[in-house]
Amino acid sequence: MEKVLEKPLLHYDGSLLSVFREGDVAAKITKVKKGSLNNDNLSPPTPLLVVSPIIPGTYPVLLFFHGFVLKPSWYKSLLQHISSHRYIVVAPQFSPLVSQSQEVKKAAKVTEWLSNGALEYVLPEKVQPDLLKLAVSGHSRGGKTAFSLALGYGNLSNST
């Protein structure tokens with residue numbers, strides 16, 4: 001097992017590490033409504049907040065799930081900060097009226113939407129997602145959703 005080295009939050013000169021500073025890339029925020037794309041195959045299964053770098057390139061993707069009774073837009077500053085470090089962030093909006101298992105199934109549908117290549121249609125020109133570098137994360141209930149999805153509980157082929 002690889003040993004994890006602790007790193008101080010401050011440099012020896014007292015300045016913050018670069019991870020706490022804004023990244024070197026400007027980010028664009030795009031709200032994507034369910035049914036907003038002209039093709040049903042491209043339309044996301046739920047509304048999305050997509051935050052992406054604006055300069056051409058291929059970037060890893062972070063799928064971020066919000067906490068219970070919250071909205072992705074309430075995380076706008078955090079998501080912009082992450083995107084400024086050269087990540088595309090996709091934050092789906094879930095209803096507080098659904099069960100945790102229904103939320104996980106909806107999250108799986110979002111990953112299916114990503115794998116179908118539909119994300120490229122909402123990104124700035126020449127900005128491409130690298131889905132081989134996909135991470136899932138979340139806050140509170142969204143963290144449980146991310147973990148459940150990572151464990152395969154959202155497997156659509158097994159759902160009824």
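How many salt bridges does a search of the whole structure find? The search finds two, and both are described below in the setting of the chain. The structure is a predicted model.

The chain contains three helices and five strands. Read from the N terminus, these elements follow the order β-β-β-α-β-α-β-α. The chain has 160 residues, of which 36% are buried.

One salt bridge joins Arg86 to Asp24, with 3.1 Å between the closest N and O atoms. The two partners belong to distant parts of the chain, 62 residues apart: Asp24 is in the segment before strand 1, and Arg86 is in the loop between helix 1 and strand 4. That loop runs between helix 1 at residues 76-84 and strand 4 at residues 88-92. The partners also differ in accessibility class. Asp24 has a relative accessible area of 61% and is therefore exposed, because the exposed class begins over 50%. Arg86, with a relative accessible area of 35%, is partly exposed, because this value lies between the 20% and 50% cut-offs.

The backbone of Arg86 also deserves attention. Most residues other than glycine have a negative phi. Arg86 is not a glycine, yet its phi is positive, at about 75°. Ser140 is another residue of this kind: its phi is about 55°, positive although Ser140 is not a glycine. Ser140 is likewise in a loop, the one between strand 5 and helix 3.

The other salt bridge involves helix 3. Here Glu103 pairs with Arg141, and the closest N and O atoms are 3.3 Å apart. This pair again links distant parts of the chain, with Glu103 in helix 2, Arg141 in helix 3, and their positions 38 residues apart in sequence. Are Glu103 and Arg141 buried or exposed? Both residues are buried.

Helix 3, which spans residues 141-150, also contains Phe147. Together with Leu151 and Tyr153, Phe147 forms a nonpolar patch on the surface. The accessible area of these three residues together is about 400 Å². Phe147 itself has a relative accessibility of 56% and so counts as exposed, because the cut-off for that class is over 50%.

Leu123 offers a buried example. This residue lies in the loop between helix 2, residues 100-115, and strand 5, residues 127-138. Its relative accessibility is 9%, so Leu123 counts as buried, the cut-off being under 20%. Leu123 and Thr30 are 93 residues apart in sequence, but their C-alpha atoms are 8.0 Å apart in space.

The last feature is the largest pocket, which holds about 160 Å³ of space. Two elements each give two or more residues to its lining: strand 1, residues 27-32, and strand 2, residues 48-53. The lining includes Lys31, Val32 and Lys33, as well as Pro47, Leu48 and Leu49. Lys71, Pro72, Ser73, Ala91 and Gln93 also line the pocket. Which classes of residue make up this lining? Six residues are nonpolar, two are polar and three are charged.

Conventions. Residues numbered from 1 in each chain as written. Predicted model: local features only at pLDDT ≥ 70, side-chain atom pairs only at ≥ 80, totals over all residues. Heavy atoms only, no water. 1 Å grid on protein atoms, 1.4 Å probe; cavity = no way out; pocket = protein on both sides within 12 Å on 5 of 7 lines; lining within 4 Å. Points joined across faces, edges and corners; volume = space filled by probe spheres on them. Helix = DSSP H or I, 4+ residues; strand = E, 2+ residues; numbered from the N terminus. Nonpolar A, V, L, I, M, F, W, Y, C, P; charged D, E, K, R; others polar. Patch = residues over 30% accessible without salt bridge, like charges linked within 9 Å, V, L, I, M, F, W, Y side chains within 5 Å. Areas by Shrake-Rupley, 256 points an atom, 1.4 Å probe, with all protein chains shown as cover. Salt bridge = Lys/Arg side-chain N within 4 Å of Asp/Glu carboxyl O. Buried < 20%, exposed > 50% of the residue type's maximum accessible area, 1.4 Å probe, protein only.
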